[in-house]
Amino acid sequence: MSTSNATPDNLMEAIVSLAKRRGFVFPSSEIYGGLNGFFDYGPLGVELKKNIRDAWWRDMVQRRDDVVGIETSIIMHPKVWQASGHVDGFTDPLVDCKVSKQRYRADQLFFSPVVIDGQTVAYVSALESEDTAAQLQAAAETYKRKKALQGPLAPVQPRDMTEAQPDEIARIPSPATGEPGSLTPPRAFNMMFETYVGALRDASSVSYLRPETAQGMFVDFKNVVDTGRVKLPFGIAQIGKSFRNEITPRNFIFRSREFEQMEMEYFIHEDADWAKCHQEWIEWCRRWLMSIGLPESHLSLYAHPKEKLAFYSKGTVDIMFRYPFGVQELWGIAARGNYDLGQHAQASGKPQEIFDEATKKKFVPHVIEPAVGVDRIFLAVLCAAYAEEDVTDDKGAVEKRTVLRLSPRIAPVKVAVLPLLKNKEHLVARARELYQRLQRRYAVFYDDGGAIGRRYRRQDEIGTPWCVTIDFDTVEKDGSFTLRERDSMQQRRIQEAELFALLDKHVH
Ligand code: ATP
């Protein structure tokens, strides 16, 4: 058997379709037309997501002596969000098109003057994509051709709408209508979802769905210090839902309005070498992503330029992933100084300090914060794992197979147990017995429907790393069965003890 491997050009389409077809991800409230920016995870998706979460929790919390976990409430006291700066500052710049009623994130809407013979004759616009500059250039060329203008056209100079001068805004065409004059200047749009707590609906009962889990760790800092027997440096980790009213949710589950975060606040001494600690966490996170199967070649680092950092920030580095729609942030690792604890100390009037035995002084610890979205990892994992192959069998017949090369650590199903024939009682009995023994420790799947080759393909498509087939030799000879590997498609005979050893080695 031979294979030729290919990632399809329309990888995102293929992934969205597979996710729907095989029960990984569905649009939320689909029978009512869906709700933009919200998704449901189906039977396989929920397993994959749980495995990502569990792997992170095990490595980040349970296997470390210096990190403890917590779970804080989604709705917190509104003063938390005032102190943290979210009420005033958790905004994205928004541009409206007054004609089409479309809304755009100003930093994702690009424009350029059309300069002919040194004169600006018009403007063109395009939404951010992998080839924004090329799109703007094409639009400028079309403009010149349509208006039959003469003279050399200068290369476009893309800028986003946050950089547009007031006199330019009126001349920039709306992407919805293609005409200038309808775009508003950018204004700050707060992305927190508001709600009311209690029976009264007035200003005093306004609360927020949390836009990040991190503030829970800061607000509970003293509780953990006083009860957790922790000593600097130490971390507090949390996994949970966050909510952001994103202006333009897009790229499937990459940017949604309800999503899940895995965040950790690593508290260090005020005099500690924060830069070294920051570097160590960046490397830890990168290695962890590789440990769940993301290829190193798809990962890169992006250091935020100093001038774009918040005033208190010492540095932020994002681990970027090469998604089919471009290189995008997957995991942000921020050195935040002692800003957050300081803010809460001031706003609550409760000191957020630690006593230093060595100097006999109290101080507010500094923090390194690795913050990642489970859904973004989920999508990255699917993008890296998806392949379509032409498989040539021994008789020369070519067939297409879709395969998810998921790491056994996170694959939703670890092993499929397949009796060769479903009408042979002794095969079925042995298969069910093995299935039940495996089920005690692993997520396994029992399938007795259809030709064995078709059953293998079904498992390939959902990323099951191994299939075992119970055949006549199993029950009539030495008890061994066929182990079929997803990636190589190779088959070999294996004993039950060997199978358990294999799983133990690769799954945990
Ligand atoms: P972006 O610039 O992409 O909006 P951010 O810098 O605002 O992201 P953070 O506030 O640092 O993101 O959040 C930490 C992590 O949470 C991100 O790295 C990402 O993995 C995840 N995340 C943030 N916003 C979303 C979202 N709308 N949908 C899914 N995941 C998200």
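**Figure 1. Domains of the predicted model.** In this predicted model, the domain assignment divides the chain into three parts, listed here by their residue bounds. Domain 1 is made of two stretches, 2–78 and 211–382. Domain 2 covers 91–189, and domain 3 covers 413–507. The centres of domain 2 and domain 3, taken over C-alpha atoms, are separated by 58 Å. Along its principal axes, the C-alpha trace of the chain spans about 85 × 75 × 50 Å. The secondary structure of the chain amounts to 15 helices and 27 strands. Of the 508 residues in the chain, 33% are buried.

**Figure 2. The open sheet formed by β6, β5 and β10.** The 3 strands of this open sheet follow the order β6-β5-β10, and their pairing is antiparallel. The edge strands are β6 (103–105) and β10 (187–190), each of which pairs on one side only. On average, neighbouring strands of this sheet are turned by 50 degrees against each other, direction ignored. In general, strands of a sheet pair through backbone hydrogen bonds, in either a parallel or an antiparallel manner.

**Figure 3. Pairing of β5 with β10.** Strand β5 comprises residues 91–96 and runs antiparallel to β10. The two strands are joined by 4 bridges. Which residue of β10 stands opposite threonine 91? The residue in question is asparagine 190.

**Figure 4. The shell of residues around the ligand.** The ligand is surrounded by 16 residues, of which Phe259, Gly332, Ala371, Gly373 and Arg376 come nearest. At least two residues of the shell are supplied by each of β14 (258–268), β17 (326–337), β20 (366–373) and α11 (374–385). Which of these elements gives the most to the shell? It is β17, with 4 residues. By residue class, the shell around the ligand contains 5 nonpolar, 4 polar and 7 charged residues.

**Figure 5. Helix α11, a contributor to the ligand shell.** Helix α11 has 12 residues. From its first C-alpha to its last, α11 reaches 16 Å, close to the 16 Å expected at 1.5 Å a residue. Is α11 mostly covered or mostly exposed? The helix is mostly covered, with 11 of its 12 residues buried. Among the buried residues of α11 are Val374, Asp375, Arg376, Ile377 and Phe378. Further along α11, Leu379, Ala380, Val381, Leu382, Cys383 and Ala384 are also buried. One of these buried residues, Arg376, is also one of those that come nearest to the ligand. In general, an α-helix has 3.6 residues a turn, so residues three or four places apart point the same way.

Methods: Residues numbered from 1 in each chain as written. Predicted model: local features only at pLDDT ≥ 70, side-chain atom pairs only at ≥ 80, totals over all residues. Pairing = 2+ DSSP bridges. Axes fitted to C-alpha atoms, helices over the stretch in contact; angles between N-to-C directions. Near = placed C-beta within 6 Å. Nonpolar A, V, L, I, M, F, W, Y, C, P; charged D, E, K, R; others polar. Expected span 1.5 Å × (residues − 1). Buried ≥ 20, exposed ≤ 12 C-beta atoms within 10 Å, placed from the backbone. Domains from an automatic or database assignment.
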